[in-house]
Amino acid sequence: VTILSMAKKVMHGGIMGDTFMEKGFLVFPAKDVDLQACEVAKQIIAALGLRSSPFHMDMRLSSKGPKLIETGARMSGA
């Protein structure tokens, strides 16, 4: 598994603070990807048996470690 980058989604609470809206993304190169998230991603990709495919993965980095939201054998979308 080769991790190319990690994007951190920046959120804000909306006008009334009752909704969460995407504000933007911060993209980190492979050398700066969270090590725990990288290890979890590698384990998930290995478990899925992907050998030669791009993949996109959404995780939440919590105080208890990375939590998988979704993943797929596809490029990242907009």
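R74 is partly exposed in this predicted model, with a relative accessible area of 35%. The residue forms a salt bridge with E70, and the closest N and O atoms of the pair lie 3.1 Å apart. E70 is itself partly exposed, at a relative accessible area of 27%.

Side chains of opposite charge can pair when their charged atoms come close. The count of salt bridges comes to two. Besides the bridge between R74 and E70, K31 forms a salt bridge with D32. Both are listed below with the separation of their closest N and O atoms.

| Salt bridge | Closest N and O atoms |
|---|---|
| R74 and E70 | 3.1 Å |
| K31 and D32 | 3.3 Å |

Each pair counts as a salt bridge because a nitrogen of the Lys or Arg side chain lies within 4 Å of a carboxyl oxygen of Asp or Glu.

Where along the chain does K31 sit? K31 is placed in the loop between β2 (21-29) and α1 (35-48). With a relative accessible area of 71%, K31 is exposed, whereas its partner D32 is partly exposed at 39%. K31 falls in the exposed class because its relative accessible area of 71% is over the 50% cut-off. The side chains of K31 and D32 are also joined by a polar contact of 3.3 Å.

A further distance concerns K31 and M6. These residues are 25 residues apart along the chain, and their C-alpha atoms are separated by 9.8 Å.

Note on methods. Residues are numbered from 1 along each chain as its sequence is written. This is a predicted model: local features need pLDDT of at least 70, side-chain atom pairs count only at pLDDT 80 or more; totals for chains, interfaces and linings use all residues. Side-chain values use heavy atoms; hydrogens and water are left out. Buried means under 20% relative accessible area, exposed over 50%, partly exposed in between (1.4 Å probe, protein chains only). Helices (H or I, at least four residues) and strands (E, at least two) are DSSP runs, numbered from the N terminus. A polar contact is a pair of N or O atoms within 3.5 Å; within protein, one must be able to donate a hydrogen and the other to accept it, and residues adjacent in sequence count only if both atoms are side-chain atoms.
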